[in-house]
Amino acid sequence: MTSLDATPTAGATPPGTKTTTMTLGKALNAGLRRAMQDDDHVVLLGEDVGALGGVFRITEGLQDEFGAQRVVDAPLAESAIVGAAIGLALRGYRPVCEIQFDGFIYPAFDQIVSQLAKMRARSGGRVTLPVVIRVPVGGGIGAVEHHSESNEAYFAHTAGLRVVSCADPGDSYRLIRAAIASDDPVIFYEPKRRYWDKGPVDLDAAPASLDRARVLREGRDVTLVAHGPTVKTALAAAEAATEDGFSVGVVDLRTISPLDMDTLMRCAETTGRMVVVHEASTFLGIGAEIAAAITEACFHVLEAPVLRVGSYNLPYPPAKVEDDFLPDVDRVLDAVDRALKF
Amino acid sequence: MSSTHDHVANDEPSLEVAPRREVSPPVQFVTPEGEVTALGEQHGIDLDLARQLYRHMSLARRLDQEALALQRQGELGLWLQCWGQEAAQVGSILALRESDYVFPSYREHAAALVRGISPTELLSQWRGATHAGWDPTSRNLHFYSLVLGTQTLHATGYAMGAVLDGGEHVVAAYFGDGAASQGDVSEAFNWAAARDLPVLFICQNNQWAISTPTSLQYRTPVHERAAGFGLRSFHVDGNDALAVHAVTAQAADIVRRGQGPALVEAVTFRMAGHSTSDDPTKYRTAEEFAAWEARDPLTRLRTLLEHRDTEPSWFSALSAEADELGVEVRRACRAIEAPKLDDLFDHAYAHPHSLVDVERLTHREFVDSLEVAG
Ligand SMILES: Cc1ncc(C[n+]2csc(CCOP(=O)(O)OP(=O)(O)O)c2C)c(N)n1
């Protein structure tokens, strides 16, 4: 596969002159600021994104810097936010929408699935809709209902959308800028329980490509595939597995649509065993797609079926039980054991 | 109505539909200083009702303060205060019959208390133990809806069912000034009006939707918008419990008689932040808060009652009752147990579902394996 991304796929980017340590939330803020400085057609729309800077402060300070015309506090209506973003894009702008929480994206479902995703294809490629929809996603923060969902599979299942999921500060900075630069609509997932995690961010780094996974850790025995919030879980599980003498690799998908099948196949060939970890329920989740695609592409090298670790096929439960619901290191290690025993 | 958009300025005859220009000031019976207005005198002041309202409002405020403290102590995950909105909630729900089915939003704690929802039921959702604190049919109060505006359509459908059943009904739905921007709310207004459905929409306009002021939310106030949809519309000082009660009673009467849906816009203020996670100093001024503090719904009613010879002993008995409630709230909160994930597998479907059955088993085996591993 050809990629215009010149940077190595391994986790650490070579330190640039402007590498600083910041939280994932601040890195996204810096990425948005940079995109708005570079292109005055980038506008932000969302609930409470102005003076408040969004409920997670990802747009903090941007209205002060770029004005209320470019950082727009929308009326409280998600369908309006996405529908208006489509109109802005038709007029040549690059809107970045914020959906306040994962569970509140559904009022905009028609605008996303039937309008945003399809307009380019309908127009025979004449219409370009560079719209980004940022979504704080996933659980683990003890929140009330509708604030902890993982709904990437709905959107990945919709042709015409790119789906991106960022995992750490440095990469989030690169991915958000790539998403804004993309001429395709992008659903951009931000792992809300990792917003406060700190890491190095190279402010000079080029935007990432939107079709390349990252191998964060090479392994010989098992490959863990994760995205967004579960990347950290997978890394911790891989580390724990070394204590038992196993060499476990970790791939951060970064993009769910498209999937970087080259990287996944290469890892499957190296380890012969693969476990996909995500917060969404396993039934018809991204793990199911990866398991099927890897089985089809490299059945002959597999030592075990591709296993999935996710949450159960239940509505996201009340906060007091979310720790039993979300995949944790124990559940990942359990799957690693099962894969090794085949 | 705002006149920032002036109509045709030259001498040409305007072909435009005449704009609505009359402003309907909110109905007020008692001023913030506790004086009875001319309209209040005309309507008559029922002191027994005033005491009943004041009692419920005081208890609600105590519960709200206790819950805030419990959140700060880590006993609740989140709390959304109803501080400042006690009159809008108590005044409206007390004007309904207990048989009237009500769909709250998520801040209607004062209304819920009036309907007999216990502290345990009320707090369990915010302690992260459940998504729905109470059995909705037992008190004709639906559980909270967190996805904004959705409950207005549920009320519309519920009202349709009530009409099919026959008889006289009121189905009420609470929502906020922010939620009013959701398409669902306009759809509910429209359908209810088109079919004369017995829905009473109650909008608590507390001026803010998190950090978004109503000035960024809409140009036309919700009560005017509702009138445009064909609803009978009311506009009331939401911090005046007696006025809210009277207005809601009148609106409910229209709805009950089958004369179509109605809307009450109660103008009030969210005194606290949006939730315990919010910092309102980021977007609003101390002056605005102070101006609304001077219009506190409890103070106003207390002044009226004191002027009209309610004994100090009545107030001290009420304050003792509030203290008891405070003790109960703290006890109840700490006693709320977390559910077991295992039990949740039973509730997702009405009929056996093979995937859920398999996953329940997988979950049990996994938990057992951890116990064996110790
Ligand atoms: C569909 C949807 N979008 C966003 C949210 C997040 N949210 C929760 S409350 C709120 C503000 C609501 O304001 P308003 O309706 O005025 O009610 P208030 O909180 O002031 O009582 C927002 C944006 C939500 N709950 N549902």
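This passage describes a five-stranded sheet and the second largest pocket of a predicted model. Local features are given where pLDDT is at least 70, side-chain atom pairs count only at pLDDT 80 or more, and totals for chains, interfaces and linings use all residues. Residues are numbered from 1 along each chain as its sequence is written, and side-chain values use heavy atoms, with hydrogens and water left out.

In chain A, five strands form an open sheet of mixed pairing, in the order S9-S11-S10-S13-S14, where strands are DSSP runs of E of at least two residues, helices are runs of H or I of at least four, and two strands pair if DSSP finds at least two bridges between them. Strands S9 (214–217) and S14 (307–311) of chain A each have a single partner strand, so one side of each is left without a neighbour in the sheet. Within the sheet, strand S10 (residues 222–226) of chain A pairs with S13(A) in the parallel sense over four bridges, and A:Thr223 stands opposite A:Met274 in S13(A).

The second largest pocket holds about 830 Å³ of space, the volume being that filled by probe spheres set on grid points joined across faces, edges and corners; a pocket is an open set of points on a 1 Å grid over the protein atoms alone, where a 1.4 Å probe fits, with protein on both sides within 12 Å along at least five of seven lines, and lining residues have an atom within 4 Å of a point. Of the 32 lining residues, those closest to the centre of the second largest pocket are A:Ser150, A:Ala153, A:Tyr154, A:Ala280 and A:Ser281. H6(A) gives the most to this lining, with four residues.

How values were computed:
Chains lettered and ligands numbered in written order.
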